[in-house]
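Dear colleague,

I am passing on the structure we spoke about, with the sequence alongside. Please have a look at it first; my notes on what was found follow underneath.

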Amino acid sequence: MKRILKMGSAFIGIIVGAGFASGNEIMTYFTSFGYLGMIGAVICTALFAYLGMTLTRLGSRMRTPSHKDVIYKISGRYLGVIVDGIIIFTLFGVGVVMLAGAGANLHQQFGLPTFVGSLLMIVLVFLTILLNVDKVVAVIGSVTPFLIITIVAVSVYSIVTMDTTFAILDPVAQALPTTLPNWFISAINYVSFNIAVGASMAIVMGGAEKDEKIAARGGFVGGLMLGILILLSHLAIFSQVENVAGSDLPMLAIINNISPIFAIFMAVILYGMIFNTAVSMFYAFGARFIPGGTMKFKLFVAFSLVVGYALSFFGFTKLVNTLYPVVGYLGLFLVAALIMASIRMPKRI
C-alpha cells in the first residue's frame with residue numbers, strides 16, 4: 001500500500017503544475033461550463049484512473065527507463081514517430097511553462113522579480129535530477145499530500161460559506177471566457193493534454209517498479225485522486241465564482257479571502273507543485289535521449305534548463321494560452337494508442 005500511494009502521489013505531482021494548483025485551468029476547462037463542468041470532471045476522473053493505470057502498467061511490464069520503447073510498441077513504427085514527437089515537444093514546452101510559472105508565482109505573492117523565481121527553480125530542478133529515479137519519484141510525491149489537504153479545506157470552506165445557490169451562479173460561471181467549444185470537448189482535451197504531459201514520467205516510474213500489479217494500482221489511485229481534486233477545485237471556484245471571476249489565480253484569490261497568512265502557505269505549495277512538474281518534464285525529456293544517471297544525461301538536462309530559462313521570458317500566461325490547447329488536441333493520438341494497447345495488451349511483451 002505504501003508503494004501504491006507513493007506512486008499515486010507522484011503521478012498527481014507530475015501533472016499538477018501552475019495552472020491546476022492556481023485554479024486557472026479548472027476555471028477555464030470546467031467552471032466556465034457551470035453545472036455541466038461537474039459532469040466533465042466526473043468523465044475526467046474515470047479517464048485519468050484508467051489511463052494512469054495503463055501507463056504505469058506498461059512501464060513496469062517493459063522495464064523501460066524512457067517512454068520511447070513503450071510508445072513505439074503500442075503505436076507502431078509510423079504512428080509511434082508522431083506520438084513520440086508530440087511527447088518530446090510537450091515535455092520541453094511544459095517544462096519551459098513551469099519555469100515561467102515559478103517566476104510569476106513569486107512575483108505575484110512576494111513581489112520578487114520574475115527571473116529570480118525562475119532561476120531558483122532551475123537550481124532546485126537540477127539538484128533533484130542528480131538523484132536516481134526512485135528518489136526523484138519520492139521527492140515528487142512528497143509535496144502532493146499538502147496540496148490535497150489544502151484543496152479539500154478550501155473546497156469545504158467555499159461551499160459552506162457560499163451565500164447563494166449553484167442555480168443562481170450557473171449563468172455567472174457560463175459567462176467566464178474559455179476557448180473550448182463545449183463541456184465534453186473541454187473535458188477530453190484536458191485529459192488528453194495532461195496525459196501527454198504525464199505519460200513519459202509515468203512510464204519511467206512504472207519501469208522502476210518490478211511488481212506490475214503495484215505499478216498499475218499506483219497509476220489507478222493517482223488518476224482517481226487527481227479526478228477527485230479536479231471536482232473539488234471546480235466546486236470551490238464555482239461556489240465563489242462571483243468573487244473570483246476575472247482572477248488569473250482563482251484558488252489563491254479564495255485563500256486570500258480566507259487568510260493572507262494561509263495565502264502565503266498556498267503560494268509555497270503552488271511553487272512546490274510547479275517544481276514537481278518541472279522536475280518530471282526535464283528528467284523525462286533528458287531520459288528520452290540519454291540514459292538517466294550518467295554524466296552526459298546531467299549535462300544534457302543542464303543545457304536544456306538554460307535554454308528553457310531563456311524561453312521562459314516570453315511570459316507565463318502567453319505560453320499557457322499558446323501551448324496548452326495545442327498539446328491537448330495533439331495528445332489525442334497518445335490517448336487513442338493507450339486505449340488500444342490496454343484492450344489488446346498481451347500477457348507478456
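**Charged pairs and overall form**

At 24% relative accessibility, Glu212 falls in the partly exposed class, because that class begins where the buried one, under 20%, ends. Please keep in mind throughout that this is a predicted model.

Glu212 is a good place to begin, since Arg57, Arg61 and Glu212 are linked in a network of salt bridges. The side chains of Arg61 and Glu212 meet in one of these, with 2.7 Å from N to O, and that pair links distant parts of the chain, Arg61 being in helix H4 and Glu212 in helix H11, 151 residues apart. Glu212 also forms a salt bridge with Arg57, where the closest N and O atoms are 3.1 Å apart. Here Glu212 belongs to helix H11 (residues 212-239) and Arg57 to helix H4 (residues 35-62), so the pair ties together parts that are 155 residues apart in sequence. As for the two arginines, Arg57 counts as partly exposed at 27% relative accessibility, whereas Arg61, at 15%, counts as buried.

A search of the whole structure finds three salt bridges, and one of them joins Arg288 to Asp84, with the closest N and O atoms 2.6 Å apart. Arg288 lies in helix H14 (residues 260-289) and Asp84 in helix H6 (residues 77-110), so this pair ties together parts that are 204 residues apart in sequence. Arg288 is buried, with a relative accessible area of 13%, and Asp84 is buried as well, with a relative accessible area of 3%.

Turning to the chain as a whole, the model has 17 helices and zero strands. Its radius of gyration is 19 Å, close to the 20 Å that the globule rule gives for 349 residues, so the chain is as compact as a globular protein of that length. The C-alpha atoms fill a box of roughly 55 × 45 × 35 Å along the principal axes, and 56% of the 349 residues count as buried. Among the contacts with a separation of 6 or more, 85% are between residues 24 or more positions apart.

Finally, on the surface and the charges: the accessible surface of the protein chain comes to about 14,200 Å², of which 70% belongs to carbon and sulfur atoms, and the mean positions of the 20 positive and 11 negative charges are 18 Å apart.

With best wishes

Methods: Residues numbered from 1 in each chain as written. Predicted model: local features only at pLDDT ≥ 70, side-chain atom pairs only at ≥ 80, totals over all residues. Heavy atoms only, no water. Helix = DSSP H or I, 4+ residues; strand = E, 2+ residues; numbered from the N terminus. Rg over C-alpha atoms; globule rule 2.2 N^0.38 Å. Buried < 20%, exposed > 50% of the residue type's maximum accessible area, 1.4 Å probe, protein only. Contact = heavy atoms within 4.5 Å. Areas by Shrake-Rupley, 256 points an atom, 1.4 Å probe, with all protein chains shown as cover. Lys, Arg positive; Asp, Glu negative; His and termini not counted. Charge placed at Lys NZ, Arg CZ, Asp CG, Glu CD. Salt bridge = Lys/Arg side-chain N within 4 Å of Asp/Glu carboxyl O.
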